[in-house]
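Work through the exercises below with the sequence and the coordinates open. Each task is followed by its solution.

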Amino acid sequence: MNHTTTPATASASVAPLRIFLVEDSVAVRDLMIDTLKEIPGVIFAGFAEEEADALKKIDAESFDVLILDIELKQGNGMSLLRTLAESHKPLNSLKIIFSNNVSNAFRRAGEQYGVRFFFDKSSEFTKLRDLLAALGTGLPDH
């Protein structure tokens with residue numbers, strides 16, 4: 001049997017990083033979607049504005065990174081994280097909070113639910129973009 005590696009198999013592309021966004025601000029969501037379109041190796045997998053809708057979509061969709069705000073139109077991101085943690089469905093996605101509410105109390109609570117990164121909407125958008133770009137190229141996360 002011939003096990004020679006052909007150039008096509010050696011350079012097989014890695015599946016793109018799928019991002020799911022839980023954000024109720026249309027302006028922030030549009031900015032995120034436009035930004036994600038510009039990052040190689042990253043695709044926008046969908047969004048939800050409310051906690052209940054997010055739970056349904058997260059259960060039905062496949063994605064690698066969950067980015068969520070704490071304050072939502074209905075429900076909130078911390079409650080969403082708690083519900084996901086208590087569910088029996090494994091959720092192996094990277095969890096990121098992108099919010100104006102990134103106090104130490106929210107950071108500690110988020111860490112309980114597997115949040116790896118916290119970014120302040122008002123000052124750390126570029127840092128979030130840089131992290132997603134690094135993840136999209138397959139580089140190890142920070």
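The exercises cover one residue, one strand and two helix pairs.

This is a predicted model, in which local features need pLDDT of at least 70, side-chain atom pairs count only at pLDDT 80 or more, and totals for chains, interfaces and linings use all residues. Residues are numbered from 1 along each chain as its sequence is written, and side-chain values use heavy atoms, with hydrogens and water left out.

**Exercise 1.** Locate Glu-23 and describe its surroundings.

Step 1. Glu-23 lies in the loop between strand E1 (17-22) and helix H2 (26-38); helices (H or I, at least four residues) and strands (E, at least two) are DSSP runs, numbered from the N terminus.

Step 2. With a relative accessible area of 1%, Glu-23 is buried (under 20% relative accessible area, 1.4 Å probe, protein chains only).

Step 3. At 2.9 Å, the side chain of Glu-23 reaches the backbone nitrogen of Ser-25.

Step 4. Leaving aside neighbours within four places in sequence, the residues in contact with Glu-23 include Arg-29, Asp-69, Phe-98 and Lys-121 (contact means heavy atoms within 4.5 Å).

**Exercise 2.** Determine how strand E4 (residues 94-99) is placed.

Step 1. Six of the six residues of E4 are buried, so the strand is largely enclosed by the rest of the structure.

Step 2. Leu-94, Ile-96 and Phe-98 point one way, while Lys-95, Ile-97 and Ser-99 point the other way.

Step 3. Strand E3 (residues 65-68) runs parallel to E4 and is joined to it by four bridges (strands pair if DSSP finds at least two bridges between them). Here Leu-68 is opposite Ile-97.

Step 4. Five bridges link E4 with strand E5 (residues 115-120), also in parallel, and Phe-98 is opposite Phe-119.

**Exercise 3.** Describe how H2 packs with helix H6 (residues 125-136).

Step 1. The axes (lines fitted to C-alpha atoms over the stretch in contact, with angles from 0 to 180 degrees between N-to-C directions) come within 10 Å and cross at roughly 35 degrees.

Step 2. Leu-31, Met-32, Thr-35, Leu-36 and Glu-38 of H2 meet Phe-125, Leu-128, Arg-129 and Leu-132 of H6.

Step 3. By class, these residues are six nonpolar, one polar and two charged (Ala, Val, Leu, Ile, Met, Phe, Trp, Tyr, Cys and Pro count as nonpolar, Asp, Glu, Lys and Arg as charged, the others, Gly among them, as polar).

**Exercise 4.** Describe the contact of helix H3 (residues 51-60) with helix H4 (residues 77-86).

Step 1. The axes of H3 and H4 come within 10 Å and cross at roughly 35 degrees.

Step 2. Glu-51, Ala-54, Leu-55 and Ile-58 in H3 meet Ser-79, Leu-80, Thr-83 and Leu-84 in H4. This contact has five nonpolar, two polar and one charged residues.

How values were computed: Buried means under 20% relative accessible area, exposed over 50%, partly exposed in between (1.4 Å probe, protein chains only). A polar contact is a pair of N or O atoms within 3.5 Å; within protein, one must be able to donate a hydrogen and the other to accept it, and residues adjacent in sequence count only if both atoms are side-chain atoms.
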